[in-house]
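Trainee: I'd like a close look at one part of this model, and then a walk through whatever else is worth seeing. Could you take me through it slowly?

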Amino acid sequence: MTSKVLVTGGAGYIGSHACKALRDAGFEPVTFDNLCTGWREAVKFGPFEQGDLMDRARLDEVFAKHKPVAVMHFAALSQVGEAMREPGKYWRGNVSASLNLIEATLAAGVRNFVFSSTCATYGDHDGVVLDETTAQMPLNAYGASKRAIEDMLKDFGASDGLRSVIFRYFNVAGADPDGEVGEFHQPETHLIPLILDAIDGKRAALTIHGTDYPTPDGTCIRDYVHVMDLVDAHVLGLKHLLDEQVANGTQEVFCLGTGNGFSVREVIDHSRHVTNRPVPLSEGPRRGGDAVKLVSGSEKAISVLGWTPDRSTLPQMIGDAWRWHQNGGYDG
């Protein structure tokens with residue numbers, strides 16, 4: 001019998017790609033999503049269970065029906081600007097919902113949990129390549145809420161033997177090279193699809209938020225990881241947890257990055273080159289909560305999990321995103 005994995009947020013951008021990677025690795029992904037930002041059309045690789053993480057009875061029902069061997073938790077609110085304006089929404093939507101999920105997971109007798117965290121838990125460490133030992137000093141409620149969930153997982157590991165793998169990463173980009181799923185947010189907030197919208201005339205121009213940062217060209221610097229590389233790491237993390245030699249209560253943290261950052265203007269320049277089209281631009285003020293430079297290494301993931309982020313180059317990420325942008329999308 002094929003082992004099932006409950007994937008929260010499996011109708012979203014990263015979650016849908018994870019479901020494809022799980023299917024290809026021999027698992028059956030069960031998507032649990034309330035569709036507030038996800039798309040029913042993105043659920044193509046296993047069963048769909050609509051529900052909200054705050055609905056404990058619904059979670060218990062889904063666990064009893066599918067009996068998953070693990071949970072892969074992507075569902076989250078993730079917009080920095082919104083987190084600065086409405087911190088309560090993030091503490092409820094991320095922390096309270098995750099607590100409900102963790103308790104339902106344990107009640108169902110499941111002890112394997114893969115958590116999609118963020119390098120936003122670190123805050124602004126200018127000029128430092130972040131790793132798993134870097135001090136966590138989040139600048140906003142988004143990063144703080146994710147750090148709190150990490151702490152919860154550690155506590156439940158000590159009390160109930162929950163085994164967890166946590167992944168911290170920055171900007172995810174690109175799309176499934178086969179074009180089955182891709183990035184489609186409403187509204188869109190991520191840099192590369194915003195650039196492609198501007199190139200394609202779907203918006204008047206790309207707004208650069210802040211041009212006076214202490215960087216070579218004045219714009220923020222971020223690390224980018226191809227979505228397929230990212231979800232491959234999550235599958236490797238799951239297999240690590242399912243290894244019988246991993247002790248109950250074990251928690252492993254992995255940073256996923258390339259160790260190289262690109263400024264907003266560099267991403268724009270690469271997009272212009274890949275698409276062979278101009279990028280209409282406008283300049284705006286800084287956004288609250290944005291760090292200057294965030295770059296992550298991945299030595300531990302490479303050595304322990306055997307992860308190889310071969311697709312995480314700007315040309316491939318932009319090229320795959322552009323292909324999806326032209327031919328993909330969801331209606332509802």
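In which sense do strand β10 and β13 pair, and over how many bridges?

Mentor: Keep in mind as we go that this is a predicted model. Strand β10, residues 221-222, pairs with β13 in the antiparallel sense, and the pairing runs over two bridges. If you want a spot to click on, go to Arg-222, which stands opposite Phe-262 in β13. Now zoom out to the sheet around that pair. It is an open sheet of four strands, ordered β6-β15-β10-β13, and the pairing is mixed. At the edges sit β6 (129-130) and β13 (262-263), each of which pairs on one side only.

Next, have a look at the second largest pocket. It holds about 270 Å³ of space. Its lining is made up of 18 residues, and the closest to the pocket's centre are Glu-183, Phe-184, Glu-188, Asp-197 and His-325. Two helices, α6 (191-199) and α10 (314-327), each supply at least two residues of that lining. Of the elements, α6 gives the most, with four residues. Sort the lining by class and you get seven nonpolar, six polar and five charged residues.

From the pocket, let's turn to enclosed space. The structure has one cavity of 30 Å³ or more, and the largest cavity takes up about 40 Å³. Its lining includes Gly-10, Ser-16, Cys-19 and Pro-29, along with the run Ala-42, Val-43, Lys-44, Phe-45, Gly-46 and Pro-47. The elements that give two or more residues to this lining are α1 (13-24) and β2 (28-33). By class, the cavity lining splits into six nonpolar residues, four polar and one charged.

Last stop: a single histidine. His-73 lies in strand β4, which covers residues 70-73. His-73 counts as buried because its relative accessibility is 1%, and the cut-off for buried is under 20%. Its side chain makes a polar contact of 2.6 Å with the side chain of Thr-8, and another of 2.9 Å with that of Ser-98. Thr-8 and Ser-98 both turn up again in the wider list of contacts, which leaves aside neighbours within four places in sequence. The rest of that list for His-73 is Leu-53, Leu-101, Phe-113, Val-114, Phe-115 and Ser-116. If you're scrolling through the model, show the side chains of Thr-8, His-73 and Ser-98 together and you'll have both of those polar contacts in view.

Notes:
Residues are numbered from 1 along each chain as its sequence is written. This is a predicted model: local features need pLDDT of at least 70, side-chain atom pairs count only at pLDDT 80 or more; totals for chains, interfaces and linings use all residues. Side-chain values use heavy atoms; hydrogens and water are left out. Buried means under 20% relative accessible area, exposed over 50%, partly exposed in between (1.4 Å probe, protein chains only). A polar contact is a pair of N or O atoms within 3.5 Å; within protein, one must be able to donate a hydrogen and the other to accept it, and residues adjacent in sequence count only if both atoms are side-chain atoms. Contact means heavy atoms within 4.5 Å. On a 1 Å grid over the protein atoms alone, a cavity is a set of points where a 1.4 Å probe fits but cannot get out, and a pocket is an open set with protein on both sides within 12 Å along at least five of seven lines; lining residues have an atom within 4 Å of a point. Grid points are joined across faces, edges and corners, and a volume is the space filled by probe spheres set on the points. Ala, Val, Leu, Ile, Met, Phe, Trp, Tyr, Cys and Pro count as nonpolar, Asp, Glu, Lys and Arg as charged, and the others, Gly among them, as polar. Two strands pair if DSSP finds at least two bridges between them.
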